[in-house]
Amino acid sequence: MKQSPSYTLYHPKWFRKRVSTWWWAEQWRSFKFILRELSSVAVIYFVALLLWLLWSLGRGPDWYQEFQAWMKEPLVMAFNLIAFLFVLYHSITWFNLAPKAMPIRLGGKRLPEWMVAAPNYAAWIVISAVIAWLILGGN
Amino acid sequence: MSKRSNEPFLWSLFSAGGMIAALMVPVLLFLFCLAIPLGWVEAPSYSSLLKLAQHPLARLALFAICSLSLFHGAHRFRFTLYDGLQIKHLNELIAIFCYGGAVFGTALAGYILWDI
């Protein structure tokens, strides 16, 4: 990630104001931004859990039992609940971003934001239902 | 002469992963970490879950979910450290750590799904 700025000889040093490490805690907007960015930790954590589950499935029924027992630990569950809230926050912010990232115009008019975001939510519901059916319907 | 940046490539992985994570992670997390352990729904039996996971399409989908979500998370976490904590002088080290982790996780997912 080499940045390649074009240097100017004898350029005067820029004056930059020092920004506090906690700049994002000063305003609700920036705090929400950091919460959204931190959802990445929840996503990574979930992938680790998923890989653990798949690995357990590959080892045998006892391992699968043990995975399920772990998921029932109150502390793990509390942690998972927080992770779930973060993941939900990621989904909602992500879907709402679509109309801002690519506004759609029809007849010179900009389509309302909810109309661009709506297909995302529709896809979310359908995919979630299909996954739940695949996992729970196999009994 | 400016060097070609690989930022666009990393960004495409980030956005693909963001979409796949947004669509699929909440339901999986909800089922396996809340609904099933709390007994709201019946836990799928070992054999049915194994059969599902062994299906080639399921393996492919799971591999995509794991890998792309990791690249998404890595990219976002990198900029959380970069902007949030302003650790700009360690930019390269952080990038190697984040994307390296995603590459490692992808390889691990490939191995686990191949072996299942």
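These questions and answers concern a predicted model with chains A and B.

User: Where in chain A is confidence lowest, and where is it highest?
Analyst: This is a predicted model. The mean pLDDT of chain A is 87, and 90% of its residues reach 70 or more. By element, the low end is strand β1 of chain A (residues 105–106), at a mean of 78. The high end is helix α2 of chain A (residues 61–71), at 96.

User: In what order do the elements of chain A run from the N terminus?
Analyst: Chain A has four helices and two strands. Read from the N terminus, the order is α-α-α-β-β-α.

User: What pattern does chain B follow along its sequence?
Analyst: Chain B has four helices and zero strands. Its pattern along the sequence is therefore written with helices alone. That gives α-α-α-α.

User: Which element of chain A gives the most to the side that touches chain B?
Analyst: In the pairing, 50 residues of chain A are in contact with 52 residues of chain B. The elements giving two or more residues to this side of chain A are α1 (28–59), α2, α3 (74–101) and α4 (113–136). With 17 residues, the top contributor is α1(A).

User: How many residues on the side of chain A that touches chain B are nonpolar, polar and charged?
Analyst: This side belongs to the contact between 50 residues of chain A and 52 of chain B. By class, it has three charged residues, 11 polar and 36 nonpolar.

User: Why does the end-to-end distance of helix α3 of chain B agree with its number of residues?
Analyst: Helix α3 of chain B covers residues 56–84, which is 29 residues. At 1.5 Å a residue, it should span 42 Å. The distance agrees because its end C-alpha atoms are apart by 40 Å.

User: Which residue just after α3(B) takes a positive phi?
Analyst: Helix α3 of chain B ends at residue 84. Just after it, a phi of about 55° is found at B:Gln86.

User: What radius of gyration does chain B have, against that of a compact globule of 116 residues?
Analyst: The C-alpha atoms of chain B fill a box of roughly 60 × 30 × 20 Å along the principal axes. A compact globule of 116 residues would come near 13 Å. Chain B has 17 Å.

User: In chain B, what share of contacts with a separation of 6 or more joins residues 24 or more positions apart?
Analyst: Of the 116 residues of chain B, 34% count as buried. For contacts with a separation of 6 or more, the share from residues 24 or more positions apart is 75%.

Notes: Residues are numbered from 1 along each chain as its sequence is written. Chains are lettered from A and ligands numbered from 1 in the order in which they are written. This is a predicted model: local features need pLDDT of at least 70, side-chain atom pairs count only at pLDDT 80 or more; totals for chains, interfaces and linings use all residues. pLDDT is the predictor's confidence in each residue, from 0 to 100. The expected span of a helix is 1.5 Å times one less than its number of residues. Two residues are in contact if their C-beta atoms, placed from the backbone, lie within 7 Å. Ala, Val, Leu, Ile, Met, Phe, Trp, Tyr, Cys and Pro count as nonpolar, Asp, Glu, Lys and Arg as charged, and the others, Gly among them, as polar. The radius of gyration is taken over C-alpha atoms; the globule rule is 2.2 Å times the number of residues to the power 0.38. A residue is buried if 20 or more other C-beta atoms lie within 10 Å of its own, exposed if 12 or fewer, and partly exposed in between; C-beta atoms are placed from the backbone.
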